[in-house]
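Subject: The structure we talked about

Hi,

Here is the structure I promised to pass on to you. Have a look at it first, and then read on for what turned up in it.

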Amino acid sequence: MNQVLNITSNLISDPTLLNFSSQSPSSLLTTTTDNLDFVANCSRFASEVDIPGIKLHFTQYVHGGTNLSFPENHPTCGIPYHVVSSDLCRVVMAVPTSKSSEISLEAWFPLDYSGRFLSTANRGVLMSTSGILYNELEFATSLGFASIGANNGHNGTSGYAFLNNTDALADYTYRSLHTGVVAGKELTKKFYGFPFHKSYFLGCSSGGRQGLKEAQDFPEDFDGIVAGAPALALPNIMSWGGALYKATGDPESESFLSPELWAVVYDEVLRQCDALDGASDGLLEDPSTCQFTPETLICSKGQTSRCLTGLQAQTVRSIYSPLYGSDGQLLYPRMQPGINTKKQVPFYFQGIPWDLTEDWFRYVVYNDTTWDGRNFSLANAMNAASQNPFNIQTWEGDLSAFAENGGKILTYHGLQDFVCSSEISQLYYAHVSRTMNLPPRELDSFYRLFYVSGMDHCRDGDGASAIGQDVGSSAGRDPNENALMAMVRWVEEGIPPDTLRGAKLSADGSQVEYWRAHCKWPKKNRYIGNGMVTDEKAWKCM
Ligand code: CA
């Protein structure tokens, strides 16, 4: 790690890097590609590059259109192959992070290079996908970014790697990402023969947390951070999962709701709250105004279907209420009303302990492989919160170093997110506001939060959720409809996004059914039209 960290100081002291912003990246690109046999350079790169701390395995030229297989990727990571759309050079390597830990990395260098560097992140449900996100490498390289991806210190969906191994946990919390950035920047410079001019981050879920961790702890790593649905307060999410399971009980318990009853609950949420934004369109633009009353669903005398017992109503009320610690402090906000429990019952509500809750307590909190999620209690939650290894709560409110460095943060969070409550993002925003003594109009200069109605966890959902945040959620590369390119325009042209324009894509992704402009917090969308709710001009941020 020391060797790798030395790369950081070399980079920062490199005068060509600091002077680069005065040069045009396109002129450099022309000069370089004119003189570069890209394919040959790619094959030579493995033998020519000798960077302390980096173990280069191989390089591979990939022609655009190739369906690339990843046989070495852990099967549980769920990305066995991916079609690569651009011509690029793939660099596969590893970096030891301690005597007992190592990260796997890939750098993808596109032929059509924009002069920008980007780090992808890790995703999935919190820690469940610790592997290289090839789909995000593809998204970034298709937009011209020299891109790096790391496996976050271990492969696969189990937390077993953390058992009595704090180095693996350090990698997972911050070190894999930062090490990848340091290595990726150095490799980018060597590969193209000139430094990148701006540096970006793109991630969601676990990756959203990684992005904010970078802004908090490594404020010089990025000029622009796009952090979606951040898994902030991560140990508390694990406890929240435990508490939600305790709220529903097992499927045979009287407090449990069947999928059919969750569908009834969703209809009632819409009945009570859908129109609060001015339009009954099946989407809640501001769940914070929805104080859902599940008791309206309690069965009338003689009613035997599509209704709840008092005990089941209590279950629903618990789920839509915040989780407090035994000291009265908030551990995690409520699940926001509006998740579509008709389409999908969240795993939290399925009457079995969440595997990630069990993994976290078994392999991180207690180092006890027999810990059983059925015995979860608030005392466990308090232990997890106070342990907070490597400050993984990621709740530092002072972003002044990042801001003073010129960095920008764009956070988005789906209002149908059933994995990380969307309320966590406004709580963190308010925390930063109070810590830095800045009202939203001043935070706007470097930190903007957008809520996206009808977006599930990071993507999909019932609404206009394709904001250009990943390879399957993009209607184009125009900054007006692509969150990553909006960030580029903010950093490089000083034009910040006031809304994030989202597309509702058809099932096969080929057609835009309608658009909606999502508002910059604390503004909220309000229907002001008198016709089609799918008309984006019928909505106004207020
Ligand atoms: Ca509505």
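Ala233 sits in the loop that runs between strand 9 (224-228) and helix 8 (234-248). Please keep in mind throughout that this is a predicted model. Although Ala233 is not a glycine, its phi is positive, about 55°. Is Ala233 buried or exposed? With a relative accessibility of 5%, Ala233 counts as buried, because the cut-off for that class is under 20%.

Asn437 makes a good partner to look at next. Asn437 is also a residue other than glycine with a positive phi, near 55°. Its loop is the one between helix 14 and helix 15 (440-443). Here the relative accessibility is 66%, so Asn437 counts as exposed, the cut-off being over 50%.

Ala233 comes back when you turn to the second largest pocket. That pocket holds about 310 Å³ of space. It is lined by 14 residues, and those closest to its centre are Ala233, Asn236, Leu330, Leu331 and Trp395. Three elements give two or more residues each to this lining: strand 11 (330-332), helix 12 (378-387) and helix 14 (423-436). The largest share comes from strand 11, with three residues. By class, the lining of this pocket has 10 nonpolar residues, three polar ones and one charged one. Domain 2 and domain 3 each supply at least three residues to the lining of the second largest pocket.

That brings me to the domains. The domain assignment splits the chain into domain 1 (30-194), domain 2 (197-227 + 394-408 + 423-451 + 459-542) and domain 3 (244-390). Between the C-alpha centres of domain 1 and domain 2 there is a distance of 25 Å. Their contact involves 29 residues of domain 1 and 31 residues of domain 2.

Now for the enclosed spaces. How many cavities of 30 Å³ or more does the structure hold? There are seven of them. The largest cavity has about 130 Å³ of space. Its lining is made of 15 residues, of which Glu285, Asp286, Leu415, Tyr451 and Trp521 are the closest to the centre. Sorted by class, the lining of the largest cavity has five nonpolar, five polar and five charged residues. Domain 2 and domain 3 also meet here, in that each gives at least three residues to the lining of the largest cavity.

Trp521 deserves a second look. The peptide bond that leads from Trp521 to Pro522 is cis, and its omega is near 5°. You will find Pro522 in the loop between strand 15 (512-519) and strand 16 (525-527).

The second largest cavity has about 50 Å³ of space. Among the residues that line it are Ser119, Thr120, Ala121, Asn122, Ile148, Gly149 and Ala150. Strand 7 (145-150) and helix 6 (166-192) each contribute at least two residues to this lining. Which element gives the largest share of the lining of the second largest cavity? That is helix 6, with four residues. Five of the lining residues are nonpolar and six are polar, while none is charged.

There is a calcium ion to show you as well. Its protein donors are Asp274 (O), Asp274 (OD), Asp277 (OD), Asp277 (OD), Ala279 (O), Asp281 (OD) and Leu283 (O), at 2.3 to 2.6 Å from the ion. Along the chain, the donors follow the spacing D-x2-D-x1-A-x1-D-x1-L. Two of the residues named there, Asp281 and Leu283, are both buried.

Last, please look at helix 5 (residues 134-142). Why is helix 5 described as largely enclosed by the rest of the structure? Because seven of its nine residues are buried. The buried residues are Tyr134, Glu136, Leu137, Glu138, Phe139, Ala140 and Thr141. After helix 5 comes Gly144, which has a positive phi, near 90°.

If you would like a route through the model, you could begin at Ala233 in its loop, go on to the second largest pocket that Ala233 helps to line, and then visit the calcium ion with its donors from Asp274 to Leu283.

Enjoy exploring, and write back with any questions.

Best wishes

Note on methods: Residues numbered from 1 in each chain as written. Predicted model: local features only at pLDDT ≥ 70, side-chain atom pairs only at ≥ 80, totals over all residues. Heavy atoms only, no water. Donors = N, O, S within 2.8 Å, 3.2 Å for Na, K, Ca; no water. Buried < 20%, exposed > 50% of the residue type's maximum accessible area, 1.4 Å probe, protein only. 1 Å grid on protein atoms, 1.4 Å probe; cavity = no way out; pocket = protein on both sides within 12 Å on 5 of 7 lines; lining within 4 Å. Points joined across faces, edges and corners; volume = space filled by probe spheres on them. Nonpolar A, V, L, I, M, F, W, Y, C, P; charged D, E, K, R; others polar. Domains from an automatic or database assignment. Contact = heavy atoms within 4.5 Å.
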